[in-house]
Structure formats: structure tokens, C-alpha cells
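The following exercises concern a single protein chain and are to be worked with its sequence and coordinates at hand. Each task is followed by a solution in steps.

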Amino acid sequence: MTGFMQLLQVIGLGLVLLLPLANPLTTIAMLLGLSSGMTTAERNQQSLMASVYVFLIMVVAYYGGQVVMHTFGVSIPGLRIAGGLIVAFIGFRMLFPQQSQDEAPEVEAKTQELRKKSSVNIAFVPLAMPGTAGPGTIAMIISSASSMKNNPLGFENWVLIVGPIAIFLTIGIILWACLRSSGAIMRIVGKGGIEAISRLMGFLLVCMGVQFIINGILEVASTPVLASL
């Protein structure tokens, strides 16, 4: 098998492993729920920044994830529990949004002016992390990095160097293309549909966050049992 075919095989394997965990469709729903007050330009900027952040997070997790986690004493269960708390908190805010009272026209105009000057940045949290590059994705990348060092499939050395970067870049491009399509979705479903999607996504995020926490607790509880076997 030529080196180019090996590279395509590595990219295919990486996408099969990481795309179900990254789940760009979930990130689209999250963007729809959090960007209702943004303009199209702001939403496109957030989409591009989120894709870049996802790429950088995956690169850092692959090449330095184990070092960082060992340095700060962070375990995979701890990563899952922390990510679950963040996801659940965001879900609660989407499920129970703050109700704003009716304001005077002058106050409303001033509020809109201030909102334009200080738009909310949702690219890193929660779109990139933990929305796309969540605990499961990071854990998979770190474990794959340790196993790829042994080169069990016999790939060429340059393939092992270029392959991870190509995988993460492909995922970033796929995420960017999916998030850019959110504008068309917003025009189709309208404001009422966006609010409904926001509430539904908030409930799902709470469920996902709780499940992350449960998985982390179960891993912590099962560690002494595994160590004694």
C-alpha cells in the first residue's frame, strides 16, 4: 500500500472514530439556540472561530493531552465530570432563559447599542468545547495518541505525522460547513422555531451533562475494582 493510500486510510479511520463523538449536528442545534440575537455576520464569525478552536483543541489534546493531564493531575473521569457540569449548566440556561421585562424605547435602543459593542462569544464555550471537542472526544484523541505511538498497523512515519493534522483539519472544515448552514435553517424555522429548538436543546444538554457526570462517577467507582483484578 502506498503512503498516500495509507494517509487516506488514517483519515478515514479518524473520521469514523471522532465524528460520532464530535457530532456536528448537535453543535448546529446549540448554535441555533444561542445565536438568536446575532446577525448573520456575527454568526458566521462564531462558526469560523469555533471550527478553528476545535482544530486547535484536538491538536493540543493529541500532542500534549497526556502531559497536561499528568502535570495537573487531571484524570479522564475528572474531565468527564467537569465537562458534564459545564454542559448541564449551559442546558439549564437554555431551558430556563431569563425573561426580560418590557423596556422604554430609549432604554431598548441603548441596550441594542451596547449589545452590538459587546457581542457574546460562544465560539470556544460551548460550541468548540464541550459542544464539539467534549470529554469523550478528547479522551478518544488522548488514548489514540498513546496507541498510535506503537504503530500497530505499520504505517509509514510521515503518515503518522501528517495523518492526525489532516484528520483534525477535516473535522474542522466539516464543522464549519455545518455551522454555516445554520443561517438557512434559521430563516426556514423562524423565531418561534428557534425558541422551541433552544428549549429542546437545553433539555438534551442537561441530559447529556448528567450522563457525562454519571459516566465519570462510574469510572471513578470502578477504578479500585479494575486495579484489584
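**Exercise 1. Identify the residues that form one aromatic cluster, and place the other aromatic pairs in context.**

Solution. Step 1: In this predicted model, one aromatic cluster is formed by Tyr62, Tyr63 and Phe168.

Step 2: The number of aromatic pairs comes to four. Among them is the pair of Tyr53 and Phe124, which is edge-to-face, with 5.3 Å from centre to centre and 85 degrees between the planes. The angle meets the edge-to-face criterion because that class begins over 60 degrees.

Step 3: Tyr53 belongs to helix α3 and Phe124 to helix α6 (residues 123–132), so this pair ties together parts that are 71 residues apart in sequence. Tyr53 counts as partly exposed because its relative accessibility is 24%. Phe124, at 36% relative accessibility, likewise counts as partly exposed.

Step 4: Phe92 and Phe96 also form an aromatic pair, and this one is stacked, with 6.5 Å from centre to centre and 20 degrees between the planes.

**Exercise 2. Assign Phe92 and Phe96 to an exposure class, and locate Phe92 in the fold.**

Solution. Step 1: The class of partly exposed residues lies between the cut-offs of 20% and 50% relative accessible area. Phe92 has 45% relative accessibility and therefore counts as partly exposed.

Step 2: Phe96 reaches 57% relative accessibility, so Phe96 counts as exposed.

Step 3: Phe92 is located in helix α4. Between the C-alpha atoms of Phe92 and Arg199 the separation is 9.2 Å, although these two residues are 107 residues apart along the chain.

**Exercise 3. Describe the overall architecture: how many helices and strands does the protein have?**

Solution. Step 1: There are nine helices and zero strands. Read from the N terminus, the order of elements is α-α-α-α-α-α-α-α-α.

Step 2: Of the contacts with a separation of 6 or more, 93% are between residues 24 or more positions apart.

Step 3: The protein has 229 residues, and 39% of them are buried. Its accessible surface is about 13,100 Å², with 69% belonging to carbon and sulfur atoms.

**Exercise 4. Determine which residues of the largest nonpolar core touch the most other members, and which element gives the most to this core.**

Solution. Step 1: In soluble globular proteins, nonpolar side chains tend to be buried together.

Step 2: The largest nonpolar core contains 47 residues, and Ile141, Ile167, Phe168 and Leu205 are the ones that touch the most other members.

Step 3: Two or more residues of this core come from each of α1 (3–22), α2 (24–34), α3, α4 (76–95), α6, α7 (135–148), α8 (157–180) and α9 (182–228). The greatest contribution is that of α8, with nine residues.

Step 4: Once neighbours within four places in sequence are set aside, the contacts of Ile167 are with Val10, Ile11, Gly14, Leu15 and Leu18.

**Exercise 5. Find the residues that make a nonpolar surface patch, and state which helix gives the most to it.**

Solution. Step 1: Leu48, Val52, Leu56 and Trp176 make a nonpolar surface patch of about 350 Å².

Step 2: Helix α3 (residues 40–72) gives the most to the patch, with three residues. Leu56 has its place in this helix.

Step 3: Patch residues must have over 30% relative accessible area. Leu56 has 44% relative accessibility and therefore counts as partly exposed.

Terms used:
Residues are numbered from 1 along each chain as its sequence is written. This is a predicted model: local features need pLDDT of at least 70, side-chain atom pairs count only at pLDDT 80 or more; totals for chains, interfaces and linings use all residues. Side-chain values use heavy atoms; hydrogens and water are left out. Patches are made of residues with over 30% relative accessible area and no salt bridge: like charges are joined within 9 Å, nonpolar side chains (Val, Leu, Ile, Met, Phe, Trp, Tyr) within 5 Å. Accessible areas come from the Shrake-Rupley method with a 1.4 Å probe; for residues, only the protein chains shown count as cover. A salt bridge is a side-chain nitrogen of Lys or Arg within 4 Å of a carboxyl oxygen of Asp or Glu. Helices (H or I, at least four residues) and strands (E, at least two) are DSSP runs, numbered from the N terminus. Buried means under 20% relative accessible area, exposed over 50%, partly exposed in between (1.4 Å probe, protein chains only). Rings of Phe, Tyr and Trp (its six-membered ring) pair if their centres lie within 6.5 Å; planes under 30 degrees apart count as stacked, over 60 as edge-to-face and the rest as tilted. Contact means heavy atoms within 4.5 Å. A nonpolar core is a set of buried Ala, Val, Leu, Ile, Met, Phe, Trp, Tyr and Cys residues joined through side-chain atoms within 4.5 Å.
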